[in-house]
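Got the viewer open? Let's take a walk through this one together, one selection at a time.

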Amino acid sequence: MSEIWTEKYRPKEFSEVKGQDEIVSKVKSFVEKGNMPHLMFAGPAGTGKSSLSLAIVRQLYKEKWRENYLELNASDERGIDVVRQKVKDFARTKSMSENFKIIFLDEADALTREAQQALRRTMENFTKTCRFILSCNYSSKVIEPIQSRCVVFRFQRLDKKAAFEILRHIVEKESLQADEKSLEALYNVSEGDCRRMINILQACSNATEITEDRIYSVVKSAQPSEVRSVLNLALSGNFIQSREKLLDLMLQQSLSGLDLVKAIQKEIPNLEAEEKIKLKLIEKCGEMEFRLVEGSDEFIQLEALLASFVLAGLKGK
Ligand SMILES: Nc1ncnc2c1ncn2[C@@H]1O[C@H](COP(=O)(O)OP(=O)(O)OP(=O)(O)O)[C@@H](O)[C@H]1O
Ligand SMILES: [Mg+2]
């Protein structure tokens, strides 16, 4: 239990990076040719950007990967000057065995435009000895001259198939038991962020049987089925009962108003109601979310939201 599972199960080979097949196969072919352009990995957190870089250097340099790989984080390195100095020191010595070394720069989109200009010059100066892999959440925040020097890959949130594959592997290795429903719940609460998904699984693993209930209680997220029943009560005109049930959810599971609005918004597409009504309700959720962020009273806002469900249900009849 002392080990963090996201590290324990971090992919070491290309085949272990799931759900990004096209990217992996292109990157693999660069590596097989022993020649690689600068790369940019763009996409949401926990989708395999750092992991794929690691797989690249392990494949390229085998047991010598550590001496040929420098990992920097643009946002903790206190400015571009530190980055440049580190890159210089690392790049100055040519790799003994290889044509080039690899520098991984995480959170490249956190650099200011000026810093990015400086980075661009650094990339040009060291192209002979180094390849850069830039990682970012939003490629649009990276200046055009840098983007045009890289082959850009866009990582997707993990789909269900990839997520289940990863989960089943860990469940088996850790001798846990998890049914379809609990895997489904893990996937739902983590929204395609694999780091989050594995962390939640680990947090639930103090007993060998992973259950849907435990997952939702660990992440303080309302069970979709309970939220659905609150909404169905409201849609069928039963305001008082739906309000009571919602209060229960809020108090017993200590969920915030904002958590609940998010959970409600997620469930709307699954309700049995006309499309037009659903759209109206989604719009309402957006409005409520804004009000809650601005600091409105949670109970009043949630009641108002339920009232709009009741009204929508009446109109539907
Ligand atoms: N595509 C994937 N296949 C298998 N495991 C994955 C994948 N993506 C993420 N993971 C798991 O999640 C952990 C975190 O992933 P990783 O560090 O690669 O994410 P990232 O895309 O770099 O995220 P961030 O933007 O937050 O840096 C990994 O250690 C691994 O266990
Ligand atoms: Mg990363």
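Start by selecting Arg-113, Glu-114, Arg-121 and Glu-124: these exposed residues sit on the face of helix H5 that is turned away from its buried side. Keep in mind as you look around that this is a predicted model.

Now flip to the other side of H5. Its buried residues are Gln-116, Leu-119, Thr-122 and Met-123. Seen down the helix axis, the buried residues of H5 fall within an arc of 115°, so they line one face of the helix. Here is the general idea behind that pattern: an α-helix has 3.6 residues a turn, so residues three or four places apart point the same way.

What covers the buried residues of H5? Show strand S1 (38–42), helix H4 (80–92), strand S4 (130–136) and helix H6 (144–147), which are all part of that cover. Before you leave, try a distance check on H5, residues 113–125. At 1.5 Å a residue, its 13 residues should span 18 Å, and the end C-alpha atoms are 19 Å apart, which agrees.

**Zoom out**

Show the whole protein as a cartoon. There are 15 helices and 7 strands in it, and the C-alpha trace spans about 75 × 45 × 30 Å along its principal axes. The protein has 317 residues, of which 33% count as buried. Take the contacts between residues at least 6 apart in sequence: 77% of them join residues at least 24 apart.

Next, color by domain. The domain assignment gives domain 1 (5–154), domain 2 (160–218) and domain 3 (224–316). How far apart are the C-alpha centres of domain 2 and domain 3? They lie 27 Å apart.

**Ligand 1**

Select ligand 1 and the residues around it. There are 20 of them, and Arg-10, Gly-48, Ser-50, Ser-51 and Cys-194 come nearest. The elements giving two or more residues to this shell are helix H3 (49–61) and helix H9 (194–203). If you color the shell by class, you get 7 nonpolar, 8 polar and 5 charged residues. Keep the domain colors in mind too: domain 1 and domain 2 each give the shell at least three residues.

**Helix H3**

From the ligand, follow H3. Its buried residues are Lys-49, Ser-51, Leu-52, Ser-53, Leu-54, Ala-55, Ile-56, Val-57 and Leu-60. Ser-51 is worth highlighting twice, since this buried residue of H3 is also among those that come nearest to ligand 1. To see what covers the buried residues of H3, show H2, S1, strand S2 (69–73), strand S3 (101–106) and S4, which are included in that cover. You may remember S1 and S4 from the cover of H5.

The distance check works here as well. At 1.5 Å a residue, the 13 residues of H3 should span 18 Å; the end C-alpha atoms are 19 Å apart, which agrees.

Step off the end of H3 and you reach Lys-62, in the loop between H3 and S2. Check its backbone: phi is near 50°, a positive value in a residue other than glycine. Is Lys-62 buried or exposed? With 10 C-beta neighbours inside 10 Å, Lys-62 counts as exposed.

There is another backbone angle to look at. Select Glu-107, in the loop between S3 and H5. Phi of Glu-107 is near 55°, again a positive value in a residue other than glycine. With 16 C-beta neighbours inside 10 Å, Glu-107 counts as partly exposed.

**Helix H9**

Back to the ligand, and this time take H9. Select its buried residues: Cys-194, Met-197, Ile-198, Ile-200 and Leu-201. They cover an arc of only 160° around the axis, which puts them on the same side of H9. Among the elements covering them are H1, helix H7 (160–173), helix H8 (180–190), strand S7 (209–210) and helix H10 (212–218). Cys-194 also belongs to the residues that come nearest to ligand 1.

**Last stop: Tyr-9**

Finish at Tyr-9, in the loop between helix H1 (5–8) and helix H2 (21–33). Tyr-9 is buried, with 20 other C-beta atoms within 10 Å. Which residues does Tyr-9 touch, not counting residues up to four places away in sequence? Select Ile-170 and Ile-198 to see them; Ile-198 is one of the buried residues of H9 you just picked. For a final long view, draw a line from Tyr-9 to Val-227: the two are 218 residues apart in sequence and 33 Å apart in space, C-alpha to C-alpha.

Technical notes:
Residues numbered from 1 in each chain as written. Chains lettered and ligands numbered in written order. Predicted model: local features only at pLDDT ≥ 70, side-chain atom pairs only at ≥ 80, totals over all residues. Near = placed C-beta within 6 Å. Helix = DSSP H or I, 4+ residues; strand = E, 2+ residues; numbered from the N terminus. Nonpolar A, V, L, I, M, F, W, Y, C, P; charged D, E, K, R; others polar. Domains from an automatic or database assignment. Expected span 1.5 Å × (residues − 1). Buried ≥ 20, exposed ≤ 12 C-beta atoms within 10 Å, placed from the backbone. Arc of directions from axis to C-beta. Contact = placed C-beta atoms within 7 Å.
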